[in-house]
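Biologist: Before we discuss charges and metal contacts, could you put the model up, so that we can go through it pair by pair?

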Amino acid sequence: MITNYEIKIILSYTLKLLLLFFTLCICIKSHAANSINGIRVWPAPDNTRVVFDLVQKPDYKYFSLSSPKRLVIDFNDSKSLISFQNIIKEDHRIKKIRKSKPKSKNSTRIVLELADNFQLTVFPLAPTGQYGNRLVVDLYDKNTSTRTVINKKSANSNRDIVVAIVAGHGGDDPGSIGARGSYEKRITLAIAKKLEKLINNHQGMKAAMIRTSDYYVAHDRKPKLARKNKADLLISLHADAFTSPKPSGASVLVQSTRRANSETSRVIANRQKESELLGGAGETIKNTKDDNLAITLADMSKEHTMKSSYEFATHVLKQLKKVTKLHKKQPEGLSLAVLKAPDIPSVLIETGFISNPTDEKDLNSSVHQQKLAKAIYTAVDSYFIRNSPEGTLLAATKEIDHNIIHGESLSVVAHRYKVSVEHLKKTNNLTSNTVRVGQTLKIKREN
Ligand SMILES: [Zn+2]
């Protein structure tokens, strides 16, 4: 039996519970409300990145409208704390960013008025470094997504050797941040610019900067941009970081075999589309119906690229150790998107540890940056003397001096520079096969 009194108590508890429930709901509701407290625009040569800073993880939806071209983003359960004046300074892809009538009371609608039809990507970013929650909008120029097909054979002879330089991180991605507050993205760009200058001053060589100022380049776009520039080599510059300040020194990374193999299988699967990635063998790989032949050729091409990457990495380490401590004395195998091009020898150079106080100080010094750039440049030079690609000015005019060291014979030198002993003797007017330590030999390419 339930008495009236008991019913009263139950009712009053139910009421209290309901009240508590509603209060909780309101509390949660007001706490959950997100806010947009900043917009940043990063224009790059072939894309523009717009970043919205939010207090919490964004809950959003977006759609495009035409005539006039617009991108509309609805931020659910969010208020905007930004002023829309003076957001766009110099960006030719976005005419205006403005607020519009929201679809519901608690949401915010932001409209980007666009100058053209762009390839769009919209995605959230979790907090990192100085940045909190973000929503990123990337607008890519449409024509940059079309592949450039390279036919190395038809390239004009005596062309420049192209070295693609990727300054790691940039824009919204600061990379590692040192104890003294230095940003990896700034250090890598400073070294990249010094390296660019050295390479461009070398006759027959040309630098292709994959990043030229403070903006972000997506990882998978770096090899693509390098390929578009017909790069013969790709150098990615970084500064290492660790949880403890102890580790220091530079290291050089190359593509690991495992990742490389899975890349090769992917290329084979799309061989009609991606045959240009496979260098000289590309045409055969594309046209043959024989899968085994395709795989063998692709493997050979890939293997050659990896071998070349490793060889260049050893040249870099040899030079770097003259100007900085080495963290690792051998090239490290790693699996990174920037290194995955099956057709362009690629290395990633960690120039030092930004998390180590001495390294951080050095990495910020213009003098030290110049030393690092010079060391890398010397490695580029010595690598291409031995491996100048066909059709380049360097291959056509190559002539270098070689000093005979202890234990070297004429045939050892000939083998090293890939010329015949006869050619070597002829170039140097030698009548016998004996050479002495300290003797200087002229090395000229055999035609
Ligand atoms: Zn980095």
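Modeller: This is a predicted model, and a convenient place to begin is the pair D232 and R159, both of which are buried.

Biologist: How far apart in sequence are the parts that D232 and R159 tie together?

Modeller: The side chains of D232 and R159 meet in a salt bridge, at 2.9 Å from N to O. D232 lies in the loop between α3 (221–228) and β12 (233–240), while R159 lies in the loop between β9 (133–140) and β10 (161–167), so the distance in sequence between the parts tied together is 73 residues.

Biologist: For the salt bridge between D214 and K185, is K185 buried or exposed?

Modeller: The closest N and O atoms of D214 and K185 are 3.1 Å apart, and the pair links distant parts of the chain, with D214 in the loop between β11 (205–209) and α3 and K185 in helix α2 (residues 184–200), 29 residues apart. D214 is partly exposed, because its relative accessible area is 31%. For K185 the relative accessible area is 4%, which falls under the 20% cut-off, and K185 is therefore buried.

Biologist: Which residues are joined into one network by salt bridges that share partners?

Modeller: The structure holds 12 salt bridges, and one of them is formed by the side chains of R40 and D53, at 2.6 Å from N to O. R40 lies in strand β1 (residues 34–43) and D53 in strand β2 (residues 47–54), so this pair ties together parts 13 residues apart in sequence. Both R40 and D53 are buried. Through shared partners, the network joins R40, D53, R134 and D172.

Biologist: Which residues coordinate the zinc ion, and how are these donor residues spaced in sequence?

Modeller: Coordination of the zinc ion comes from H169 through NE2, E184 through OE and H238 through ND1, at 2.0 to 2.1 Å. H169 lies in the loop between β10 and α2 and E184 in helix α2, so these two tie together parts that are 15 residues apart in sequence. H169 and E184 are both buried. Written as a pattern, the spacing of the donor residues is H-x14-E-x53-H.

Biologist: Turning to the positive surface patch, is K321 buried or exposed?

Modeller: The patch is formed by K318, K321, K322, K325 and K329, and K321 is placed in the loop between α7 (291–320) and β14 (332–334). The relative accessibility of K321 is 56%, which is over the 50% cut-off, so K321 counts as exposed.

Key
Residues are numbered from 1 along each chain as its sequence is written. This is a predicted model: local features need pLDDT of at least 70, side-chain atom pairs count only at pLDDT 80 or more; totals for chains, interfaces and linings use all residues. Side-chain values use heavy atoms; hydrogens and water are left out. Patches are made of residues with over 30% relative accessible area and no salt bridge: like charges are joined within 9 Å, nonpolar side chains (Val, Leu, Ile, Met, Phe, Trp, Tyr) within 5 Å. Accessible areas come from the Shrake-Rupley method with a 1.4 Å probe; for residues, only the protein chains shown count as cover. A salt bridge is a side-chain nitrogen of Lys or Arg within 4 Å of a carboxyl oxygen of Asp or Glu. Lys and Arg count as positive and Asp and Glu as negative; His and the chain ends are not counted. The place of a charge is taken as NZ of Lys, CZ of Arg, CG of Asp or CD of Glu. Helices (H or I, at least four residues) and strands (E, at least two) are DSSP runs, numbered from the N terminus. Buried means under 20% relative accessible area, exposed over 50%, partly exposed in between (1.4 Å probe, protein chains only). Donors are N, O and S atoms within 2.8 Å of the metal (3.2 Å for Na, K and Ca); water is not among the atoms, so sites may look incomplete.
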